[in-house]
Amino acid sequence: MWLFTKRSEYNYIEFDYEHLTDWTIKTSDIDHTFNVFNTYVDASRDYVLEFAVLKVWSKADLRRIMNIISRHRNIKAILGIKPLNYGYPKNIQIVLKGDAGDSTRYMAHVLGGIEVKAVYENGIEHWGFIFPSKSSTSAFIDMISRNGNVNHVNVDKININDLMPAVMSKALLLLSPRELRIMRHAYRRGFFEIPRRIKLDELAKELGLSKATLDEYIRNSLNKIIRTLFNIEDNNS
């Protein structure tokens with residue numbers, strides 16, 4: 001579960017990844033995009049859920065990529081599939097249940113990372129994460145390098161102390177009413193101060209939420225904030 005540390009400066013890292021042990025590497029000759037718009041990481045390490053929109057340009061390519069996904073050992077199940085338009089190119093909403101053991105986002109999760117971007121195109125995974133320290137960023141790159149090739153790495157610094165006050169003034173444009181209420185309460189109670197004036201479990205009790213639910217709201221809100229900060233396109237567009 002991701003928490004703020006005593007550091008005020010965080011790393012935002014973007015990179016391209018050839019995940020040699022995942023299904024994505026097998027799609028290098030298929031013209032498609034796979035845009036992830038939401039995820040869930042199971043705390044028990046059993047699985048991850050991936051909510052995405054798959055775009056393909058032909059029926060043959062759709063058949064091939066679905067065959068790859070359904071047969072790969074990293075995919076436990078396809079939980080949902082729904083075409084979003086007629087004809088081609090076709091957009092398909094898809095929900096995958098994957099193995100956490102070989103999951104890039106699970107490795108980031110256990111190191112305190114926040115996922116900001118995940119787009120797969122023609123065998124290459126394009127990722128963006130926030131990490132609480134340089135050491136956790138380096139450890140993450142070392143871990144995923146065991147299962148593939150990491151390229152075009154770019155790291156930017158983010159200062160939470162400077163970011164939060166500026167963002168809260170524009171939050172009405174970024175966040176849902178509930179996200180806004182939660183982030184305002186967390187901000188006023190000192191959750192984002194260095195060091196924190198309130199712990200996550202205490203904040204969750206005040207808001208009448210579980211720790212996991214509150215953590216998800218904070219992650220999703222920060223995801224929107226960072227997308228805006230770095231002008232990252234919405235994966236669901």
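**View 1. The largest cavity of this predicted model holds about 190 Å³.** Look around its centre and you'll meet Asp22, Val48, Glu50, Ser103 and Arg105, the closest of the 19 residues that line this cavity. Count up the cavities of 30 Å³ or more and you get 2.

**View 2. Here's where the lining of the largest cavity comes from.** Four elements each chip in at least two residues: β3, β5, α2 (104–110) and β7 (124–131). The top contributor is β5, which gives 4 residues to the lining. Sorted by class, the lining of the largest cavity is a real mix, with 7 charged, 6 polar and 6 nonpolar residues.

**View 3. Helix α1 runs from residue 59 to residue 71.** From the first C-alpha to the last, the 13 residues of α1 reach 18 Å, close to the 18 Å you'd expect at 1.5 Å a residue.

**View 4. Now for the two sides of α1, starting with the buried residues.** These are Asp61, Leu62, Ile65, Met66, Ile68 and Ile69. Peer down the axis of α1 and its buried residues fall within an arc of 155 degrees, so they line one face of the helix. Over on the other side of α1, Lys59, Arg63 and Arg71 are exposed.

**View 5. What do the buried residues of α1 pack against?** Their partners are strands β2 (32–41), β3 (47–56), β4 (75–83) and β5 (90–99). Two of these names may ring a bell: β3 and β5 also supply residues to the lining of the largest cavity.

How values were computed
Residues are numbered from 1 along each chain as its sequence is written. This is a predicted model: local features need pLDDT of at least 70, side-chain atom pairs count only at pLDDT 80 or more; totals for chains, interfaces and linings use all residues. Side-chain values use heavy atoms; hydrogens and water are left out. The expected span of a helix is 1.5 Å times one less than its number of residues. Buried means under 20% relative accessible area, exposed over 50%, partly exposed in between (1.4 Å probe, protein chains only). The arc is that of the directions from the helix axis to the C-beta atoms. Contact means heavy atoms within 4.5 Å. On a 1 Å grid over the protein atoms alone, a cavity is a set of points where a 1.4 Å probe fits but cannot get out, and a pocket is an open set with protein on both sides within 12 Å along at least five of seven lines; lining residues have an atom within 4 Å of a point. Grid points are joined across faces, edges and corners, and a volume is the space filled by probe spheres set on the points. Ala, Val, Leu, Ile, Met, Phe, Trp, Tyr, Cys and Pro count as nonpolar, Asp, Glu, Lys and Arg as charged, and the others, Gly among them, as polar.
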